[in-house]
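Let's take a walk through this structure together, one stop at a time. Have the sequence and the 3D view open as you read.

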Amino acid sequence: MGEGGPFRRLLNYMKPHRRTVRLAAFCSVFNKFWDLAPPLLIGLAVDVVVLREESTLANVGLVDPWHQLVALSVLTFLIWGLESLFEYFYGVLWRNLAQTVQHELRLDTFDHVQQQGMTWFDERQKGDILAILNDDINQLERFLDKGANDLLQVSTTVIVVGAVFLLISWQVALFAVLPIPLIVWGSFRYQRSLEPRYAKVRQAAGQMNALLENDLSGMSTVQSFTAEANELRRVEVLSDAYREANREAIRLSAAFTPLIRMAILVGFTATLLLGGWFTLEGTMAVGAYSVLVFMTQRLLWPLTRLGETFDLYQRAMASSTRVLDVLASPIELQQGEYSPDLETRKTSSIALEDLSFGYPDREPLFNHLSLTFEHGKTTGVVGSTGAGKTSLVRLLLRFAEPQQGHVTWCDQPIETWKLHSLRSSIALVDQHITLFPTTILENIRYGRPAATDEEVIEAAEIAEAAAFVANLPSGWETLVGEGGHRLSGGQRQRVAIARAVLKDAPLLILDEATSAVDNETEAALQRSIERISRGRTTIVIAHRLSTVRNADRIVVLEEGEVMEDGRHDDLVSLGGIYARLWSVQTGEGR
Ligand code: CTP
Ligand code: MG
């Protein structure tokens with residue numbers, strides 16, 4: 001996905017930092033430039049001691065050899081000073097740039113991920129997304145940290161050394177320097193074949209991460225089924241796949257440095273032999289010969305390191321492909337601009353109009369379903385498990401999109417609403433409750449971050465949570481643990497209800513919100529909920545019919561259709577599905 005190769009895409013992404021990149025690149029090049037000067041200084045020094053009053057420096061006007069040496073020393077100080085200065089600046093610039101880019105990239109990617117619809121998440125594994133947000137972005141950081149500088153400096157080295165060789169002797173340059181661009185090009189091509197291998201490595205890392213994440217969050221299931229050995233084997237298989245993928249890459253990548261060294265050896269020997277021969281013949285100065293020999297040395301080291309740098313580059317590209325693909329994945333959920341005022345939202349009914357919906361690759365769940373949730377009223381929804389009650393809620397929140405028909409609210413299809421307006425109008429107590437690993441107080445406050453402590457506690461009282469919280473050793477400051485697992489199921493539900501109550505939204509949805517509390521607590525909760533749902537549009541989904549008994553209206557949902565619809569007493573006397581369920585639950589059924 002996306003346009004162009006990963007490198008171009010990355011550059012595009014870094015456009016806002018163009019100036020820093022340029023400045024950093026400038027410092028890298030100049031640091032290298034001054035770093036290559038010492039061989040020239042050595043050459044000049046040799047020139048001084050061999051030729052004395054006829055040296056190169058003497059030709060510039062410094063006749064006395066002693067003066068020449070002093071001048072050289074001053075020059076050396078200057079050059080080393082400049083080299084150090086530029087080294088400091090490129091270090092600071094590249095490394096901070098790496099930090100800025102990884103920071104921004106992570107935020108952008110996470111922001112993008114958060115905007116994705118639920119179907120996007122259904123298709124992916126959390127662990128893999130996590131690997132992208134962490135490892136892959138860090139890989140990029142490592143490359144920017146030093147890889148970019150390395151590449152620039154090697155290029156500078158080749159150009160400067162090449163120029164010096166050409167100036168001193170084109171014949172030697174022919175053998176020693178001309179092959180180098182070829183070597184660099186060849187090595188780049190060679191390393192290119194690493195790209196798909198590193199893509200596999202990153203993919204394997206993502207898969208392993210996903211499995212580890214699954215195992216860790218489902219540890220109690222793993223242990224209760226004594227499946228540890230089994231899980232270990234699964235991890236072993238994926239970890240092995242990761243190792244194998246890396247091995248494939250290593251096989252190629254490790255051969256690189258030795259190959260490069262051999263290629264450079266040719267140039268080095270050529271310089272030694274050819275240059276030496278010219279010097280013996282007297283056509284080349286001893287100083288110039290020294291420059292050439294020292295310069296080839298200078299080539300050797302960075303070029304052998306090129307392998308490492310290209311390696312870093314290919315890894316970074318494999319990672320940035322993954323990151324940028326996430327960034328490029330379209331946000332399918334389109335939202336409108338409609339944002340009705342609070343009063344309108346409170347006084348408008350919510351209607352499903354001729355709505356058809358089914359999950360991908362599944363039988364349709366709803367076929368031309370029409371159903372209205374009247375404003376200010378409480379509607380109970382019952383139906384056997386899998387009937388689609390929770391799916392109905394998902395459609396209201398736009399966690400899922402109907403294939404046909406609409407949900408309308410305030411006489412507008414909810415697709416035309418601003419997503420924020422829609423979702424902030426709904427307080428949901430989910431069937432599967434998620435609490436965040438912080439205190440009870442903060443978990444409830446999640447419903448309305450600006451709420452005062454008093455308001456939070458008031459909401460908790462309505463949700464029948466205050467009493468149990470008071471009995472906890474740390475009270476409101478009790479940490480609930482990951483997912484809220486340090487609380488009982490019923491306690492978790494009450495915290496979630498308090499959170500929804502605090503949100504104080506026009507539409508309140510309770511999806512099996514009291515399924516885990518005892519009968520007595522439920523009866524108490526029932527009274528509170530009736531109080532807060534007075535004049536508020538409320539949807540109560542429950543299997544336990546006592547929960548919906550007092551609703552203004554009860555809807556029986558079966559096979560994607562509304563089978564029965566009415567008040568409790570009417571439905572009981574109707575003698576249909578609801579009546580049957582009721583008699584089973586009250587024990588009158590047999
Ligand atoms: N389903 C699905 N993909 C999802 C969620 C649900 O295919 N992401 C399917 C379920 O397998 C089920 C149907 O959709 O067959 C309805 O699910 P749901 O609305 O959750 O059923 P509920 O009526 O809420 O069932 P329960 O009483 O068990 O909560
Ligand atoms: Mg459900």
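In which helix does Leu75 lie? Find helix H5, which covers residues 65–115, and you'll have Leu75 in hand. Keep in mind as we go that this is a predicted model.

Leu75 makes a handy starting point. With a relative accessible area of 39%, Leu75 is partly exposed, since anything between the 20% and 50% limits falls in that class. Leu75 also has company: together with Trp66, Val70, Val74 and Leu78, Leu75 makes up a nonpolar patch on the surface. The five residues of the patch share about 500 Å² of accessible area.

From greasy side chains, let's move to charged ones. Side chains of opposite charge can pair when their charged atoms come close. Searching the whole structure turns up 22 salt bridges. Three of these pairs are worth a visit.

Start with Asp136 and Arg322, whose side chains meet in a salt bridge at 2.6 Å, N to O. What's fun here is the route the chain takes: Asp136 sits in helix H7 (residues 126–168), Arg322 sits in helix H13 (residues 286–328), and the two are 186 residues apart, so this pair links distant parts of the chain. Are the two partners buried or exposed? Asp136 is buried, at a relative accessible area of 0%. Arg322 is buried as well, with 15%, because the cut-off for that label is under 20%. This pair doesn't stand alone, either. A network of salt bridges links Asp136 and Arg322 with Asp128, Asp135 and Arg202.

Now hop over to helix H12, which spans residues 228–281. Here Arg247 and Glu244 form a salt bridge, with N and O 3.4 Å apart. Why are these two within reach of each other along the helix? They are 3 residues apart in helix H12, so about one helical turn separates them. As for their surroundings, Arg247 counts as partly exposed at 41% relative accessibility, and Glu244 is partly exposed too, at 34%.

Helix H12 offers another pair with that kind of spacing: Arg251 and Glu248 are 3 residues apart, which means about one helical turn lies between them. Their side chains meet in a salt bridge of 2.8 Å, N to O. Arg251 is exposed, with a relative accessible area of 53%, whereas Glu248 is partly exposed at 34%.

The last stop is ligand 1. How many residues surround ligand 1, and which come nearest? There are 13 around ligand 1, and Thr385, Lys389, Thr390, Ser391 and Gln431 come nearest. Sorted by class, this shell holds 7 polar, 3 charged and 3 nonpolar residues. The biggest contribution comes from helix H15 (residues 389–396), which supplies 3 residues of the shell.

Zoom in on the oxygen atoms of ligand 1 and you can pick out some polar partners. A polar side-chain atom of Ser391 is 2.5 Å from an oxygen atom of ligand 1. In the side chain of Gln431, an N or O atom lies 2.7 Å from an oxygen atom of ligand 1. Gly386 joins in through its backbone, with a polar atom 2.8 Å from an oxygen atom of ligand 1. And how much of ligand 1 does the protein bury? Taken alone, ligand 1 exposes 610 Å², and the protein buries 72% of that area.

Technical notes
Residues numbered from 1 in each chain as written. Chains lettered and ligands numbered in written order. Predicted model: local features only at pLDDT ≥ 70, side-chain atom pairs only at ≥ 80, totals over all residues. Heavy atoms only, no water. Salt bridge = Lys/Arg side-chain N within 4 Å of Asp/Glu carboxyl O. Helix = DSSP H or I, 4+ residues; strand = E, 2+ residues; numbered from the N terminus. Buried < 20%, exposed > 50% of the residue type's maximum accessible area, 1.4 Å probe, protein only. Near = heavy atom within 4 Å. Polar contact = N/O pair within 3.5 Å; in protein donor to acceptor, adjacent residues only side chain to side chain. Areas by Shrake-Rupley, 256 points an atom, 1.4 Å probe, with all protein chains shown as cover. Nonpolar A, V, L, I, M, F, W, Y, C, P; charged D, E, K, R; others polar. Patch = residues over 30% accessible without salt bridge, like charges linked within 9 Å, V, L, I, M, F, W, Y side chains within 5 Å.
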